Amino acid sequence: MEEPWDFEFLSRVADSCLSFLYEFVDDWLANDMRVSIFKILLSWLIFSLVAIHFAWKVYGNTVNDMYYRQGTGQNGGTPDAAPHLSGWENKSGDNLKSHRE
């Protein structure tokens, strides 16, 4: 059986998380160029995700309906073969297309 996690291990994990958080807050409050770039990129990422979320809420059903075909057949509503187009082979079974070198 596995030994239960001891208090020392959990306290080390909590201390490392808190030290990372304190260091992150100190860097966040600094007026450093890399922090500014990080803030800009983080803002852009959040804005993009929110915009995608709202666009999908508005246009999601329309996009889904464009790609979902109802009915029976090969691909939903698509018939197995178009009646006005000939197939690759003619009625006698000869191949219409051939490769010539």
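This report walks through the fold, the charged contacts and the aromatic contacts of a predicted model.

**Overall picture**

Let's start with the chain as a whole. It holds two helices and zero strands. Of its 101 residues, buried ones make up 3%. The accessible surface comes to about 10200 Å², and carbon and sulfur atoms supply 62% of that area.

One stretch also carries an annotation. In an unreviewed entry, UniProt lists residues 37-59 as "transmembrane region". In the model, the chain over residues 37-59 is 100% helix and 0% strand, and the C-alpha atoms at the two ends are 32 Å apart.

**Charged contacts**

Now to the side chains that carry charge. Side chains of opposite charge can pair when their charged atoms come close. The count here comes to three salt bridges, and the table gives each with its N to O distance.

| Salt bridge | N to O distance |
|---|---|
| Arg-12 and Glu-8 | 3.8 Å |
| Asp-27 and Arg-34 | 3.8 Å |
| Asp-32 and Arg-34 | 2.9 Å |

How are Arg-12 and Glu-8 placed along helix α1? They are four residues apart in this helix, which spans residues 7-29, so about one helical turn separates them. Glu-8 has a relative accessibility of 49%, so it counts as partly exposed, since exposed begins over 50%.

Arg-34 takes part in a salt bridge with Asp-27 and in another with Asp-32. Arg-34 itself is exposed, at 53% relative accessibility. Asp-27 is partly exposed, with a relative accessible area of 28%, and Asp-32 is also partly exposed, at 31%. Through salt bridges that share partners, Asp-27, Asp-32 and Arg-34 are joined into one network.

**Aromatic contacts**

The rings deserve a look of their own. A pair of aromatic rings is described by the distance of the centres and the angle of the planes. Searching the whole structure finds five aromatic pairs. One of them brings together Phe-24 and Phe-38: their ring centres lie 6.1 Å apart and their planes stand at 85 degrees, so the pair is edge-to-face. This pair links distant parts of the chain, with Phe-24 in helix α1 and Phe-38 in helix α2 (residues 33-67), 14 residues apart. Phe-24 is partly exposed, with a relative accessible area of 35%; Phe-38 is partly exposed too, at 39%.

What is the geometry of the aromatic pair that Trp-44 and Phe-47 form? The pair is tilted, with 6.0 Å centre to centre and 40 degrees between the planes. The 40 degrees lie between the limits of 30 and 60 degrees, so the pair is neither stacked nor edge-to-face. Trp-44 and Phe-47 both belong to helix α2, where they are three residues apart, about one turn of the helix. Both residues are exposed.

Which residues form one aromatic cluster? They are Phe-20, Phe-24, Trp-28 and Phe-38. Phe-24 and Phe-38, the edge-to-face pair described above, are thus members of this cluster.

**Where charge meets ring**

Trp-28 brings the two themes of charge and aromatic rings together. The charged end of Lys-39 sits over the ring of Trp-28, at 4.8 Å from the ring centre. Trp-28 is also one of the members of the aromatic cluster.

How values were computed
Residues numbered from 1 in each chain as written. Predicted model: local features only at pLDDT ≥ 70, side-chain atom pairs only at ≥ 80, totals over all residues. Heavy atoms only, no water. Salt bridge = Lys/Arg side-chain N within 4 Å of Asp/Glu carboxyl O. Buried < 20%, exposed > 50% of the residue type's maximum accessible area, 1.4 Å probe, protein only. UniProt positions renumbered as here; feature names shortened; annotations may be inferred. Areas by Shrake-Rupley, 256 points an atom, 1.4 Å probe, with all protein chains shown as cover. Phe/Tyr/Trp six-rings, centres within 6.5 Å; stacked < 30°, edge-to-face > 60°. Lys NZ or Arg CZ within 6 Å of the ring centre and 35° of its normal.
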